[in-house]
Amino acid sequence: MNSARDTRGHGTHTSSIIAGNYINDASYFGYASGIAKGVAPRARLAIYKVSWDEGSYCSDALTGMDQAIADGVDIISISMSSRANEVPLHRDFLAIGSFSALEKGVLVSTSAGNKGSSGNEIIRNGYPWFLTVTAGTIDRWFAGTLALENGISITGWTTFVGNAIIRDLPLVYDNRRVSCDKVFSYIPYGIIICNGFRPLSYQIECIAETHAMGAIFIASGPISSEIEFMKETPCPCILITQTDGIALIQYYKSTSKPLANMTFFQTVRNFEA
């Protein structure tokens with residue numbers, strides 16, 4: 001597309017973070033409803049397209065930054081990562097372009113990458129002459145609730161957006177299949193409890209292919225580290241903490257007919273993950 005418009009949505013996404021206008025009654029399919037806006041809704045944007053479907057080149061990025069400086073912008077926001085661990089500083093396009101911007105009094109804000117601490121590095125674009133922006137947390141929890149028949153209510157993380165009525169269904173906990181690491185050969189009637197050590201994304205995929213009525217995933221570690229795999233929830237399921245998982249299994253073993261309800265589209269505020 002021979003224009004500054006994007007074809008994958010990334011540019012639109014980052015631009016809305018910067019200067020998105022006020023939108024009333026915004027939500028994520030019913031979660032976290034409220035007013036959405038960018039950091040500076042009254043800012044004026046100049047868009048320079050430097051990455052194309054046909055490929056991305058350092059020379060295009062440098063040219064775009066040079067043009068932005070020549071046009072008199074105040075800030076350059078660029079969501080691209082340099083290869084600081086692979087190329088020397090004097091050949092790093094972001095290091096070169098941002099240093100030129102600094103000489104002209106233009107602040108350059110860059111992304112820190114997407115790997116976090118799970119890869120071999122904490123951040124990218126960590127040079128001292130530009131602003132490196134990392135991910136943060138929010139004070140909202142996209143939640144679903146598991147209500148047990150004994151009166152205990154457990155709140156967990158979910159982004160399930162489908163229409164599901166899950167009431168008075170039996171809990172299913174098979175000690176031989178607690179990891180939910182394979183697609184069931186039959187569809188169990190009830191809410192399946194998954195308590196394994198296989199990657200959560202794989203367990204979710206198996207449950208989705210099984211077309212289960214509902215599922216509860218017990219986190220294998222801190223729940224904040226597992227949420228990444230729950231960005232899209234293709235099945236009626238909730239992720240709960242290990243502590244809540246212990247209470248859930250104790251209830252399951254305490255009665256011959258363990259029953260539960262599941263509800264979705266809840267938002268818990270003032271929560272720190």
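Helices (H or I, at least four residues) and strands (E, at least two) are DSSP runs, numbered from the N terminus. This is a predicted model, in which local features need pLDDT of at least 70, side-chain atom pairs count only at pLDDT 80 or more, and totals for chains, interfaces and linings use all residues. Residues are numbered from 1 along each chain as its sequence is written, and side-chain values use heavy atoms, with hydrogens and water left out.

Welcome! Start with the whole chain in view. You will find 6 helices and 14 strands. The C-alpha trace spans about 75 × 40 × 35 Å along its principal axes.

Next, select H211. Look for H211 in the loop between α4 (200-210) and β12 (214-218). H211 is exposed (over 50% relative accessible area, 1.4 Å probe, protein chains only), at a value of 60%. Its phi is near 60°, which is positive although the residue is not glycine. Most residues other than glycine have a negative phi.

Now move to A32, in strand β2. Here too phi is positive in a residue other than glycine, near 55°. A32 is buried, with a relative accessible area of 13%; buried means under 20%.

For the last stop, select F29, in the loop between β1 (23-28) and β2 (31-36). Is F29 buried or exposed? F29 is exposed, with a relative accessible area of 57%. Add Y28, V161 and F265 to the selection: with F29 they form a nonpolar patch on the surface. Together the four have about 370 Å² of accessible area (Shrake-Rupley method, 1.4 Å probe, only the protein chains shown counting as cover). Patch residues have over 30% relative accessible area and no salt bridge, and nonpolar side chains (Val, Leu, Ile, Met, Phe, Trp, Tyr) are joined within 5 Å, like charges within 9 Å. A salt bridge is a side-chain nitrogen of Lys or Arg within 4 Å of a carboxyl oxygen of Asp or Glu.
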